[in-house]
Amino acid sequence: GYIIEHEGKPAGYGIISEKFETEVGGITVWIEDVYVKSEYRGRGLGGEFLSFLIDNFKGKAKRLRLDVEDDNTAAIGLYKKFGFDILPYQQMICDI
(Lines give C-alpha, C1' and ligand atoms only; values in the text may rest on other atoms or scores of the structure.)
Protein backbone atom coordinates (compact mmCIF):
# COMPACT_ATOMS: atom_id res chain seq x y z
CA GLY A 1 0.00 0.00 0.00
CA TYR A 2 0.96 3.61 -0.55
CA ILE A 3 0.01 6.86 1.15
CA ILE A 4 -0.66 9.67 -1.32
CA GLU A 5 0.55 12.97 0.15
CA HIS A 6 0.07 16.62 -0.67
CA GLU A 7 2.40 19.15 0.95
CA GLY A 8 3.38 16.57 3.56
CA LYS A 9 -0.18 15.70 4.56
CA PRO A 10 -1.96 12.41 3.85
CA ALA A 11 -4.36 13.03 0.97
CA GLY A 12 -5.29 9.48 0.02
CA TYR A 13 -3.98 6.02 -0.60
CA GLY A 14 -3.32 3.39 -3.26
CA ILE A 15 -3.27 -0.38 -2.88
CA ILE A 16 -1.77 -2.75 -5.43
CA SER A 17 -1.14 -6.46 -5.81
CA GLU A 18 1.02 -8.36 -8.26
CA LYS A 19 0.37 -11.69 -9.96
CA PHE A 20 1.48 -13.70 -12.94
CA GLU A 21 -1.14 -13.77 -15.70
CA THR A 22 -0.87 -16.22 -18.58
CA GLU A 23 -2.95 -13.84 -20.70
CA VAL A 24 -0.10 -11.31 -20.76
CA GLY A 25 2.81 -13.70 -20.29
CA GLY A 26 4.12 -12.05 -17.18
CA ILE A 27 3.35 -10.00 -14.11
CA THR A 28 0.24 -7.87 -13.93
CA VAL A 29 0.06 -5.17 -11.29
CA TRP A 30 -3.52 -4.89 -10.11
CA ILE A 31 -4.45 -1.45 -8.86
CA GLU A 32 -6.88 -2.57 -6.18
CA ASP A 33 -7.79 0.84 -4.76
CA VAL A 34 -6.99 4.46 -5.43
CA TYR A 35 -8.60 7.00 -3.15
CA VAL A 36 -8.00 10.74 -2.89
CA LYS A 37 -9.83 12.72 -0.21
CA SER A 38 -12.41 15.07 -1.72
CA GLU A 39 -10.58 18.20 -0.59
CA TYR A 40 -7.47 17.11 -2.52
CA ARG A 41 -9.17 16.03 -5.77
CA GLY A 42 -8.39 17.95 -8.93
CA ARG A 43 -4.75 18.56 -7.94
CA GLY A 44 -3.25 15.82 -10.10
CA LEU A 45 -2.54 13.42 -7.25
CA GLY A 46 -4.20 10.45 -8.95
CA GLY A 47 -2.13 11.10 -12.06
CA GLU A 48 1.04 11.36 -9.99
CA PHE A 49 0.25 7.99 -8.43
CA LEU A 50 -0.30 6.40 -11.84
CA SER A 51 2.95 7.92 -13.13
CA PHE A 52 4.74 6.55 -10.08
CA LEU A 53 3.41 3.05 -10.77
CA ILE A 54 4.25 3.19 -14.49
CA ASP A 55 7.79 4.42 -13.77
CA ASN A 56 8.42 1.88 -11.02
CA PHE A 57 7.04 -1.18 -12.79
CA LYS A 58 8.21 -0.50 -16.36
CA GLY A 59 10.42 -3.43 -17.36
CA LYS A 60 9.33 -5.45 -14.30
CA ALA A 61 5.65 -6.00 -15.08
CA LYS A 62 3.82 -6.40 -18.38
CA ARG A 63 0.54 -4.74 -17.47
CA LEU A 64 -1.22 -2.48 -15.02
CA ARG A 65 -4.84 -3.43 -14.53
CA LEU A 66 -7.80 -2.05 -12.61
CA ASP A 67 -11.57 -2.14 -12.36
CA VAL A 68 -13.67 1.01 -12.69
CA GLU A 69 -17.40 1.63 -12.52
CA ASP A 70 -19.04 2.76 -15.78
CA ASP A 71 -20.42 5.91 -14.15
CA ASN A 72 -17.03 7.05 -12.77
CA THR A 73 -16.33 9.19 -15.83
CA ALA A 74 -13.67 11.31 -14.13
CA ALA A 75 -11.60 8.25 -13.27
CA ILE A 76 -12.13 6.71 -16.71
CA GLY A 77 -10.88 9.94 -18.31
CA LEU A 78 -7.80 9.94 -16.09
CA TYR A 79 -7.01 6.29 -16.82
CA LYS A 80 -7.41 6.78 -20.57
CA LYS A 81 -5.05 9.76 -20.39
CA PHE A 82 -2.43 7.36 -19.00
CA GLY A 83 -2.95 4.80 -21.76
CA PHE A 84 -5.46 2.44 -20.15
CA ASP A 85 -7.89 0.72 -22.53
CA ILE A 86 -11.16 -1.02 -21.83
CA LEU A 87 -10.91 -4.80 -22.11
CA PRO A 88 -13.39 -6.24 -24.63
CA TYR A 89 -14.80 -8.94 -22.37
CA GLN A 90 -16.77 -9.49 -19.21
CA GLN A 91 -15.30 -10.63 -15.96
CA MET A 92 -17.27 -13.25 -14.10
CA ILE A 93 -17.35 -14.07 -10.40
CA CYS A 94 -18.66 -16.79 -8.14
CA ASP A 95 -19.20 -15.66 -4.58
CA ILE A 96 -18.85 -18.55 -2.16
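Here is a short conversation about charges and surface patches in this predicted model.

Biologist: Before we start, what kind of model is this, and how are its residues numbered?

Modeller: This is a predicted model, where local features need pLDDT of at least 70, side-chain atom pairs count only at pLDDT 80 or more, and totals for chains, interfaces and linings use all residues. Side-chain values use heavy atoms, leaving out hydrogens and water, and residues are numbered from 1 along each chain as its sequence is written.

Biologist: Thanks! How many salt bridges are there?

Modeller: A salt bridge here is a side-chain nitrogen of Lys or Arg within 4 Å of a carboxyl oxygen of Asp or Glu. By this rule, the count is 4.

Biologist: Which residues are linked in a network of salt bridges?

Modeller: Let's build it up from some pairs. Arg63 bridges to Glu23, with the closest N and O atoms 3.2 Å apart. Glu23 also meets Arg65, at 3.8 Å from N to O. The linked residues are Lys19, Glu21, Glu23, Arg63 and Arg65.

Biologist: How far apart in sequence are the parts tied together by Glu21 and Arg65?

Modeller: The side chains of this pair, Glu21 and Arg65, form a salt bridge at 3.6 Å, N to O. Glu21 belongs to strand S2 and Arg65 to strand S4, so the parts they tie together are separated in sequence by 44 residues. (Strands are DSSP runs of E with at least two residues, helices are runs of H or I with at least four, and both are numbered from the N terminus.)

Biologist: Is Arg65 buried or exposed?

Modeller: Buried means under 20% relative accessible area, exposed means over 50%, and partly exposed lies in between, using a 1.4 Å probe and protein chains only. Arg65 has a relative accessible area of 8%, so Arg65 is buried.

Biologist: Which residues form the negative surface patch?

Modeller: Patches take residues with over 30% relative accessible area and no salt bridge, joining like charges within 9 Å and nonpolar side chains (Val, Leu, Ile, Met, Phe, Trp, Tyr) within 5 Å. One member is Glu69, in the loop between strand S4 (63-66) and helix H2 (73-81). The patch consists of Glu32, Asp33, Asp67, Glu69, Asp70 and Asp71.

Biologist: And how much accessible area does the nonpolar patch have together?

Modeller: Its residues are Ile3, Tyr13, Ile15 and Tyr35. Ile15 sits in strand S2 (residues 9-21) and is partly exposed, with a relative accessible area of 34%. With areas from the Shrake-Rupley method and a 1.4 Å probe, where only the protein chains shown count as cover for residues, the four residues together have about 370 Å².

Key
Lys, Arg positive; Asp, Glu negative; His and termini not counted. Charge placed at Lys NZ, Arg CZ, Asp CG, Glu CD.
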